[in-house]
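I opened my notebook today to look through one structure, and I am jotting down what I looked up as I went. Pull up a stool and follow along.

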Amino acid sequence: MKPRNALGRALAAIPKREIESIERRLFLRRGLSLGALAMLTGCNITDQESVEQALMTMSRWNDRVQGWLFDPTRLAPEYPESAITVPFPFNAYYGEDEAPEVDAEDYRLELGGLIRERKPWSLPELYALPQVSQVTRHICVEGWSAIGKWSGTPFRSFLERVGADTTAKFVGFKCDDDYYSSIDMATALHPQTILAFRYADQILPRKYGFPMKLRVPTKLGFKNPKHIRAIFVTNEYPGGYWEDQGYNWFSGS
Ligand SMILES: Nc1nc2c(c(=O)[nH]1)N[C@H]1C(S)=C(S)[C@@H](COP(=O)(O)O)O[C@H]1N2
Ligand SMILES: [Mo]
């Protein structure tokens with residue numbers, strides 16, 4: 001991007017490594033980025049489109065900073081089963097009785113993009129994969145959080161098994177409703193990121209995402225796609241349902 005103002009030009013003169021270290025400190029102390037400062041001084045705030053464009057650019061910049069700060073070995077807290085929230089809340093961009101009805105027998109998980117073995121997976125095949133459980137907190141941007149128990153297969157081992165290019169940048173998800181989302185590869189490979197087939201030891205109920213959801217305790221709720229139909233690996237930014245409406249893409253929790 002071409003520097004558009006004095007601050008931008010000054011920043012352009014600083015070596016990249018130094019910029020990154022300033023960025024880290026600024027973000028840690030103030031939750032701000034140099035990009036944000038530069039953009040704010042440079043954009044015409046009477047022009048709705050340029051403001052939105054600037055905010056989107058800032059948000060994508062924040063994604064990069066959050067990506068640098070993300071520690072792939074740091075675990076989200078886990079809880080005893082006695083801490084589980086009952087009943088666990090339902091949430092989607094529609095009401096509970098409009099959740100998609102997926103036919104278990106016809107269901108096939110589709111794989112695409114930078115994946116070597118792209119054969120579709122049936123549910124019995126997926127259920128036969130090694131299974132783990134977690135009791136973790138789900139945090140929704142709408143202002144609620146709840147603790148639940150999900151079980152499924154570690155996403156990292158699934159990606160490795162199908163020969164996904166784990167050096168690629170993004171993993172994208174298409175859902176059986178019109179929902180879609182994507183996450184960074186570091187988060188996809190995080191030990192607590194699981195392809196979940198069960199909630200509270202039962203086959204994942206329709207409202208919680210039958211037949212499977214991605215459970216990512218290091219990210220906000222909207223980065224946990226339910227009713228997954230297709231998974232693809234890519235280097236092109238895939239965005240997401242809420243992400244494309246202005247929610248920050250990285251959205252770590
Ligand atoms: N397919 C799909 N996945 C989705 C959503 C959705 O509308 N459709 N909503 C997201 C949001 S905002 C939240 S908070 C969680 C809610 O999951 P829950 O119903 O298990 O609480 O699902 C996420 N995944
Ligand atoms: Mo959410």
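My entries below cover the ligand, the cavity and the cysteines.

**Entry one: the ligand.** I kept in mind throughout that this is a predicted model. I started with a simple query: which residues come nearest to ligand 1? Of the 21 residues around it, I noted P89, N91, D177, N224 and K226 as the nearest. I then sorted the shell around ligand 1 by residue type and found 12 nonpolar, 5 polar and 4 charged residues.

**Entry two: polar contacts.** Next I looked up backbone atoms that approach ligand 1. For N91, a backbone N or O atom sits 2.9 Å from an oxygen atom of the ligand. Y93 also has a polar backbone atom that I found at 3.1 Å from an oxygen atom of ligand 1. At N224 the partner is a nitrogen atom of ligand 1, with a backbone N or O atom of the residue 3.0 Å away. How much of ligand 1 does the protein bury? I wrote down 99% of the 540 Å² that the ligand exposes when taken alone.

**Entry three: the cavity.** I then turned to enclosed space. How many cavities of 30 Å³ or more does the structure hold? I found 1. For the largest cavity I recorded a volume of about 40 Å³. Its lining is made up of M56, S59, R60, D63, Y237, E243, Y247, N248 and W249. By type, I can divide that lining into 4 nonpolar, 2 polar and 3 charged residues.

**Entry four: the cysteines.** I finished with sulfur. A disulfide is a covalent bond between the sulfur atoms of two cysteines. My count of disulfides in this structure is 0. I also checked two cysteines for burial, using the cut-off of under 20% relative accessible area for buried. Why does C140 count as buried? C140 counts as buried because its relative accessibility is 8%. C175 is buried too, since its relative accessible area is 9%.

Notes: Residues numbered from 1 in each chain as written. Chains lettered and ligands numbered in written order. Predicted model: local features only at pLDDT ≥ 70, side-chain atom pairs only at ≥ 80, totals over all residues. Heavy atoms only, no water. Near = heavy atom within 4 Å. Polar contact = N/O pair within 3.5 Å; in protein donor to acceptor, adjacent residues only side chain to side chain. Areas by Shrake-Rupley, 256 points an atom, 1.4 Å probe, with all protein chains shown as cover. Nonpolar A, V, L, I, M, F, W, Y, C, P; charged D, E, K, R; others polar. 1 Å grid on protein atoms, 1.4 Å probe; cavity = no way out; pocket = protein on both sides within 12 Å on 5 of 7 lines; lining within 4 Å. Points joined across faces, edges and corners; volume = space filled by probe spheres on them. Disulfide = S-S within 2.5 Å. Buried < 20%, exposed > 50% of the residue type's maximum accessible area, 1.4 Å probe, protein only.
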